[in-house]
Amino acid sequence: MPTKLGRVFTVFTIVLYAVTGILTVWSIVETIRNRPAGKALLAGAAFLLLLLIVQLILSIATFGSAHDVDPLLYFGYVITAILVIALAGFWAFAELSRWGPGVLAAAGLTVIVMIERLDQIWQ
Amino acid sequence: MHSGPGRALTAVYGIFALSATARAGYQLIREFDFAPIAYSLSAVAAVIYILATICLVIGNRISHRIAVAACAIEFLGVIVVGILSHTHPEDFAKPSVWSNFGSGYGFVPLVLPLIGLWWLWRVGRRAHRD
């Protein structure tokens, strides 16, 4: 993989970690404070969803440059992560108690593990 | 069953069912020959998680019983496979959801059925009182 593209990927992975981490901690705080998900938190979930879709497009576009990556494995993880955040985000929107952010926090933790796996697979 | 924490538990079960199914599906398609026992178990586990999720969503008396059974099987599974993966490591060369007491999944497979059973017990008791 050319180093420039490699660097773009590294930066993007760090951004993904940061956004997912902030969203997860924020959701845990809102759960403890006994608040339903507000507009800002839902916007955060939507932003993460957007980033994951960008990740999907980026990796489709550059897939040829990665050797020995099983597409089924890699895209399985990307698409599962997108589904998890989309469903949890919708859940948080519909659920008018503290358990909206609670579910979002669980989804965030799952997605952090998935980002780590994606990074390992891509290397 | 359908108050806030119960719905949240259902959602967490759903997230776990989704990720376990995705992984088991991949293992069955691509790597089944490496560790047939472990991967068959992963698939069985994924199906039981889906069953438990659906029964938690429905929430009537029959589905309540099925959910209790599903959670109990999950808990037994994680304990038995956890022990077997230490005594017979050669059959579990590749990780399944339940290997090493679910350590590959942050021990979620060990904790989730216990929370599920506790919640079902609480709901059942409340329904009995009413």
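Let's start with the fold of chain B, which reads α-α-α-α along the sequence. Please keep in mind that this is a predicted model. In numbers, chain B has four helices and zero strands. And how does its radius of gyration look against the globule rule? The radius is 15 Å, close to the 14 Å that the rule gives for 130 residues, so chain B is as compact as a globular protein of that length.

If you like to picture a box, the C-alpha atoms of chain B fill one of roughly 50 × 25 × 25 Å along the principal axes. Of the 130 residues in chain B, 39% are buried. There is also a nice number on how the chain meets itself: take the contacts between residues at least 6 apart in sequence, and 62% of them join residues at least 24 apart.

Now, on to where the two chains meet. On the chain A side there are 18 residues, in contact with 13 residues of chain B. Which helices of chain A supply at least two residues each to that side? They are helix 3, residues 71-94, and helix 4, residues 99-122. Helix 3 of chain A gives the largest share, with eight residues. For those of you thinking about chemistry, the side of chain A that touches chain B has ten nonpolar, five polar and three charged residues.

That brings me to the largest nonpolar core, which holds 59 residues. Two of them, Ala88(A) and Val103(A), touch the most other members. Both chains contribute here: helix 1, helix 2, helix 3 and helix 4 of chain A each give two or more residues, and so do helix 1, helix 2, helix 3 and helix 4 of chain B.

Let's zoom in on Ala88(A) for a moment. What is Ala88(A) in contact with, once we leave aside its neighbours within four places in sequence? Within chain A, the partners are Val103(A), Leu104(A) and Ala107(A). From chain B come Ala11(B) and Ile15(B). Notice that Val103(A), the other residue I just named from the core, is on that list too.

One last stop, at Val29(A), in helix 1 of chain A, residues 3-32. Buried, exposed or partly exposed? Val29(A) has 13 C-beta neighbours inside 10 Å, so it counts as partly exposed. And if you want a distance to check on the screen, try Val29(A) to Ala106(A): these are 77 residues apart in sequence and 13 Å apart in space, C-alpha to C-alpha.

Conventions: Residues are numbered from 1 along each chain as its sequence is written. Chains are lettered from A and ligands numbered from 1 in the order in which they are written. This is a predicted model: local features need pLDDT of at least 70, side-chain atom pairs count only at pLDDT 80 or more; totals for chains, interfaces and linings use all residues. Two residues are in contact if their C-beta atoms, placed from the backbone, lie within 7 Å. Ala, Val, Leu, Ile, Met, Phe, Trp, Tyr, Cys and Pro count as nonpolar, Asp, Glu, Lys and Arg as charged, and the others, Gly among them, as polar. The radius of gyration is taken over C-alpha atoms; the globule rule is 2.2 Å times the number of residues to the power 0.38. A residue is buried if 20 or more other C-beta atoms lie within 10 Å of its own, exposed if 12 or fewer, and partly exposed in between; C-beta atoms are placed from the backbone. A nonpolar core is a set of buried Ala, Val, Leu, Ile, Met, Phe, Trp, Tyr and Cys residues joined through C-beta atoms within 7 Å.
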